[in-house]
Amino acid sequence: MSEEGFFRRWARLKSSGGDAPAEDPRAPAPPVPVGQPPAGAMQEAEAAPRVPLPTLEDAARLTPDADFSAFVAKGVDQSVRRLALKKLFADPHFNAIDGLDIYMNDYNKAAPLTPAMLASLKHAQGLVTRLFDDRQQQAEAAAAQAQEQQPVTEHEQAPPSTRQGNA
């Protein structure tokens, strides 16, 4: 589109009677010859001096305060980029735990109980003992009651079974 804007162009075309050739904004741009960069790119390339790409020695000399932008630029060797990023993320600033990672702990190891927690659990030992004692007494009472109701004599006992086959 032209620099004058939609309304100015519309007003100009309206006042001139529409004699100006219409520009179709959807028309394709003229093709760029293969092998030749666009003219704007050539001017930029000529204006900007070529900066040498960083090397492994440059990456080895990096400090946490250094500028890492040259190491992630286009055309930098992958090994140089990888070494620079290792140097960057070795900084303790990037090793801070945020507390939101719930899967980072090892839940296979039980935390030791403090003496205060053990003291608060002392009442549970007596509770469990009383509970088991009550159940044991109830079971003994039920067994004694069942034995009183059905006294078994020797001649009323069933003979030992003789298993024959799968029957």
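A salt bridge here is a side-chain nitrogen of Lys or Arg within 4 Å of a carboxyl oxygen of Asp or Glu. You're looking at a predicted model, where local features need pLDDT of at least 70, side-chain atom pairs count only at pLDDT 80 or more, and totals for chains, interfaces and linings use all residues. Residues are numbered from 1 along each chain as its sequence is written, and side-chain values use heavy atoms, with hydrogens and water left out.

**Exercise 1: salt bridges**

Work out how many salt bridges the rule gives, and how exposed the partners are.

Solution.
- Start with the general idea: side chains of opposite charge can pair when their charged atoms come close.
- Take Glu4 and Arg12: their closest N and O atoms are 3.2 Å apart, and they form a salt bridge.
- Next come Asp58 and Arg61, also a salt bridge, with 2.7 Å between the closest N and O atoms.
- The count by this rule is two salt bridges.
- Now the exposure scale: buried means under 20% relative accessible area, exposed over 50%, and partly exposed in between (1.4 Å probe, protein chains only).
- Glu4 has a relative accessible area of 31%, so it is partly exposed.
- Arg12, at 38%, is partly exposed too.
- Asp58 comes out at 27%, so it counts as partly exposed.
- Arg61 has 58%, so it is exposed.

**Exercise 2: helices and what sits in them**

Describe the secondary structure of the chain, then place Leu85, Leu88 and Ser69.

Solution.
- Helices (H or I, at least four residues) and strands (E, at least two) are DSSP runs, numbered from the N terminus.
- The chain has six helices and zero strands, so the elements read α-α-α-α-α-α from the N terminus on.
- Leu85 belongs to helix H4, which covers residues 78-89. Its relative accessibility is 30%, so Leu85 counts as partly exposed.
- Leu88 is in helix H4 as well. With 19% relative accessibility, Leu88 counts as buried.
- Check a partner in space: Leu88 and Pro64 are 24 residues apart along the chain, while their C-alpha atoms are separated by 6.0 Å.
- Ser69 sits in the loop between helix H3 (56-60) and H4. At 42% relative accessible area, Ser69 is partly exposed.
- Ser69 and Ala84 are 15 residues apart in sequence, and 9.9 Å apart from C-alpha to C-alpha.
- For the whole chain, buried residues make up 7% of the 167 residues.

**Exercise 3: the largest pocket**

List the residues that line the largest pocket and sort them by class.

Solution.
- On a 1 Å grid over the protein atoms alone, a pocket is an open set of points where a 1.4 Å probe fits, with protein on both sides within 12 Å along at least five of seven lines; lining residues have an atom within 4 Å of a point.
- The lining is made of Val51, Pro52, Leu53, Pro54, Ala70, Ala73, Lys74 and Val76.
- For the classes, Ala, Val, Leu, Ile, Met, Phe, Trp, Tyr, Cys and Pro count as nonpolar, Asp, Glu, Lys and Arg as charged, and the others, Gly among them, as polar.
- That sorting gives seven nonpolar, no polar and one charged residues.
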